[in-house]
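Colleague: I am new to this structure and would like a close look at a single part of it. Could you take me through one helix with its surroundings, and then the loop residues that go with the same kind of reading?

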Amino acid sequence: MVASPALPPPPKLLDQVVAHLRVKHYSLRTEQVYVDWIKRFIWFHGKRHPKELGAIEIEAFLSHLAVVRSVSASTQNQAKSALLFLYKEVLQVELPWLENVTQAKVPKRLPVVMTQNEARAVLARLEGTIWLCSSLLYGSGLRVMECLRLRVKDVDVSSCEILVREGKGFKDRVTMLPASLVEPLKQQLERVKMLHNEDLAKGHGEVYMPFALNRKYPCAGRKWGWQYIFPSRNLSVDPLSGVVRRHHADEKTIQRAVKKAVLAAEITTLATPHTFRHSFATHLLQSGYDIRTVQELLGHSDVSTTMIYTHVLNKGGKGVVSPLDR
C-alpha cells in the first residue's frame, strides 16, 4: 500500500482574513486595522476561536471598548465592521444576530473650518513640496491621500483639471487645478522627472501599479505617466510584493508640518491638513457657488453630506433669515 500524500495544513485564520481582504481590493491600511481588531477580539476572549463565540461575546467586547477603554463611537463601529467581515466573508457563518448588535451612535459634529485669511497664513508658513501639496488640499478640495497618490497622468495642466482616481468609496472625480499652482506644479514635475531618470539609471524607477496592472503591462510601472507627483525621498520595500520601489510621500510629513504652521500662525482653530478640504467647500459656498457643483468637486455621493458646510453661511444652514434681522 502506498501512503497517500499528506494534505497541507489549512491556512491560519488571520492569513485567511488577509487573503479575503485582498480579493475584495481593500486597502493595506484597512487590512492592517481589521487584522488588529480581530486579534484583539481573540485575545479578549482567552484566545478562543471565533467559531466558538457568538453574540454575547461580541457584545461584551464592544461594550468593553466603550465602557472600559472609552473609545469613540467611530472606533467601536470600526471594530464591529472588522468582526462582521470575519464572520460573513471568512468564516462564512450566517449569523443574523450580528446585524442586530447595537451600532454606536456617532455624534454629528460640525467640520472645523479656517477663514480665508487663516488658511493663507498657514500656507505662508509652509514651503517646498509641503506647501504645494497643502495648497492643492485647499485649492482643489483634495483629501491628503488623494493628493499624495496623484500620478503625472492624472493632472492636465493645459485644462487646469485634476482627475482623482479611486477616491473614497473607489470613486473617480474631476476637480480644478488652481491657475496659481500651474507653474509651481510644472517645476515639481521637472524635479520628479530628474529623480525618476536617476532611479532608472540605477535599475529602479518602478512604482506600485493597482489591480495587477503590472502583470498586464509589465513595463508600465517605469513609465513617466505613472510616477507619483509627490514621491518619497527614499526607496522602500513594498510590504505586499517585496519589490523595492519609490512610493509616494508619507502623510505624516504633511501632518506634522501643518501642525507647526498652525502654531506659528497663532491660530486657535484646531486645524489639520484635512481642514483645508473643509475650508475649500465652505469658501466656495460663501462665494455663491451651487451646492451641487461643490458636491461633485468633493466627490460626495449624497448632497446631504455637502449640506453640513452650509452652517457658516450668513443666512444659516437652511438659508433662513432670522426674524430679528428683518
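Modeller: What follows starts with one helix and then turns to backbone angles in a few other places. This is a predicted model, in which local features need pLDDT of at least 70 and side-chain atom pairs count only at pLDDT 80 or more, while totals for chains, interfaces and linings use all residues. Residues are numbered from 1 along each chain as its sequence is written, and side-chain values use heavy atoms, with hydrogens and water left out.

Helix α1 covers residues 13-23, where helices (H or I, at least four residues) are DSSP runs numbered from the N terminus. Its buried residues are Leu13, Val17, Val18 and Leu21, buried meaning under 20% relative accessible area with a 1.4 Å probe and protein chains only, exposed over 50%, and partly exposed in between. Seen down the axis of α1, these buried residues fall within an arc of 140°, so they line one face of the helix; the arc is that of the directions from the helix axis to the C-beta atoms. They pack against α2 (28-44) and α4 (73-90), contact meaning heavy atoms within 4.5 Å.

After α1 comes His25, which has a positive phi near 60°. Ser70, in the loop between α3 (55-67) and α4, has a positive phi near 55° although it is a residue other than glycine, and Ser70 counts as exposed because its relative accessibility is 55%. Glu266, in the loop between α11 (251-264) and α12 (273-286), has a positive phi of about 55° and is not a glycine either; at 71% relative accessibility, Glu266 counts as exposed.

How values were computed: Helix = DSSP H or I, 4+ residues; strand = E, 2+ residues; numbered from the N terminus.
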